[in-house]
Amino acid sequence: MRLPRSIAGWTIAVFGVLALVMGAVGLLWPQAQLQMLGFEIPAERAPGDYTGTFLLASSMAAFNMGVYYLLAAATEWRSFYRFTVFFRLVTFAVFSIAVVAGIAPDRFFGVALWEGVGAAATAVGLWFDARRSTANGPVGAAPSGSGAAGSAGVSAGKGGSATAATATRADTAD
């Protein structure tokens, strides 16, 4: 797997690793996950209490989300980075409201804060990356004449299809 090539990419990669790890913890050691979140762990669950089922589902979702974020970081999928900023801020708001409304324990605000700080870090990373790309060319772009971008550019320059060169430039500009 390739390392991120931008500041925003690193914020996405860090979140991906943590989501992957926390998803794995929830799958392998659900009681630890519940304790970290501040939820009570009764000695016995009442009939109809599907806490374990819900934890299994949300842990699997977190694990998968970690994989998606790592894939986005490895491919420098900047559109995905921007998309996550908005929705992580929405998640921050919803989780914060859940704590304030008494739906979730106070410790759950840590999850909200993690989402908000992560969204802000990615937004700041995107801003810095945009400033850097204005001065140095697109963030994550291969230098001219090397790699996929260089060979696509050469092929397009010799009367070949410009589609590959355009797609490469469009992908790195995102």
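Select Ser96 first. Leaving out residues up to four places away in sequence, Ser96 touches Phe109 and Ala112; contact here means heavy atoms within 4.5 Å. Ser96 sits in helix H4. Helices (H or I, at least four residues) are DSSP runs, numbered from the N terminus. Buried or exposed? Ser96 is buried, at 12% relative accessible area. The cut-offs: buried is under 20% relative accessible area, exposed over 50%, partly exposed in between (1.4 Å probe, protein chains only).

The model is predicted: local features need pLDDT of at least 70 and side-chain atom pairs pLDDT 80 or more, while totals for chains, interfaces and linings use all residues. Numbering starts from 1 along each chain as its sequence is written, and side-chain values use heavy atoms, without hydrogens or water.

Next, select Tyr69. Beyond its neighbours within four places in sequence, Tyr69 contacts Ile12, Phe15, Gly16, Phe80, Thr84 and Arg88.

Now widen to the largest nonpolar core. A nonpolar core is a set of buried Ala, Val, Leu, Ile, Met, Phe, Trp, Tyr and Cys residues joined through side-chain atoms within 4.5 Å. This one has 13 residues; Ile12, Tyr69, Ala72, Ala73, Phe80, Tyr81 and Leu126 touch the most other members. Colour H1 (7–28), H3 (51–75) and H4 (78–100): each supplies at least two core residues. H1 gives the largest share, 5 residues.

Move to the second, separate core. It has 5 residues, among them Leu37, Val99, Ala104 and Phe108.

Finish at Ser6, in the segment before H1. Ser6 counts as buried because its relative accessibility is 3%. Its side chain reaches the backbone nitrogen of Gly9 at 2.9 Å.

Methods: A polar contact is a pair of N or O atoms within 3.5 Å; within protein, one must be able to donate a hydrogen and the other to accept it, and residues adjacent in sequence count only if both atoms are side-chain atoms.
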